[in-house]
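User: I am new to this structure and would like to learn how to read its features step by step. Could we begin with the terms and then turn to the cases?

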Amino acid sequence: PVGTTTVVWTVTDVNGNTATCNQAVTVTDNQNPTITCPSDITINADAGQCGAVVSTLGTPTTSDNCGVASVVNNHSSTSYPVGITTVVWTVTDVNGNTATCNQTVTVTDNQNPTITCPSNISVNAATGSCSATVSTLGTPTTSDNCGVASVTNNYSSSVYLVGVTTVVWTVTDVNGNTATCNQTVTVTDNQNPTITCPTNISVNAATGSCSATVSMLGTPTTSDNCGV
């Protein structure tokens, strides 16, 4: 068997006298065990969490010429973070030989972040202008199970024209998931146009008539911040 076996040799002479010697036969187990890992695991993150609990990884298939002593892996927790975790399984036989295999646990973040836009804004147009400058839109409220990477909007200017402008806010989490909300900026034109009449006209009645024909009254002078 594997190990050291002592063979005792005995010599006996013709008169019955004996002597012995020992011979050692050492058999070494130089054969590693074999191991086949359980199937790789792919799951979604638990709700509101940036990871998932995996209750069981499965059981490797192992064998050895002399016998398996232990099968262990390098991950002591049942909780796995978003991303790919490599679990290394190690089988050790009764003679200390080992073999390993790798199993991956992939946790996917499929949860979009949340975003609540700042309040809608209503302002009057600036005097003499058909627009208004809004220095700040406010800040959206955001959250995510793994973390927010960026918050942006689609409007780069601080000048907003008369009317309703829809500002689209986008939040992106650290794993590339996104969510949007809409904020409106309403600019009201509350400025009346201006008008200056043509010069007053004085004419005599037409001969034999109690009226006069005025072919041209002239043209008023007008202006407006947005247009007449």
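Analyst: A residue is called buried under 20% relative accessible area, exposed over 50%, and partly exposed in between, using a 1.4 Å probe and protein chains only. This is a predicted model, in which local features need pLDDT of at least 70 and side-chain atom pairs count only at pLDDT 80 or more, while totals for chains, interfaces and linings use all residues. Residues are numbered from 1 along each chain as its sequence is written, and side-chain values use heavy atoms, with hydrogens and water left out.

User: How is a pair of aromatic rings described?

Analyst: Such a pair is described by the distance of the ring centres and the angle of the planes. Rings of Phe, Tyr and Trp (its six-membered ring) pair if their centres lie within 6.5 Å, and planes under 30 degrees apart count as stacked, over 60 as edge-to-face and the rest as tilted. Searching the whole structure gives one aromatic pair. The ring centres of Tyr155 and Tyr160 are 4.4 Å apart and the planes stand at 20 degrees, so this pair is stacked.

User: Is Tyr160 buried or exposed?

Analyst: Tyr160 is buried, because its relative accessible area is 1%, whereas Tyr155 has 26% relative accessibility and therefore counts as partly exposed.

User: Which residues form a nonpolar patch on the surface?

Analyst: Patches are made of residues with over 30% relative accessible area and no salt bridge (a side-chain nitrogen of Lys or Arg within 4 Å of a carboxyl oxygen of Asp or Glu); like charges are joined within 9 Å, and nonpolar side chains (Val, Leu, Ile, Met, Phe, Trp, Tyr) within 5 Å. Here the patch consists of Ile201, Val203, Val214 and Leu217, which together have about 360 Å² of accessible area, a quantity that comes from the Shrake-Rupley method with a 1.4 Å probe, where for residues only the protein chains shown count as cover. Ile201 counts as partly exposed because its relative accessibility is 42%.

User: What is the order of the strands in the open sheet that contains β12?

Analyst: Strands (E, at least two residues) are DSSP runs numbered from the N terminus, and two of them pair if DSSP finds at least two bridges between them. The order is β12-β18-β17-β15, with mixed pairing. Its edge strands, β12 (121–124) and β15 (148–153), each pair on one side only. β12 runs parallel to β18 (residues 178–188), joined by four bridges, and Val123 stands opposite Val187 in β18.
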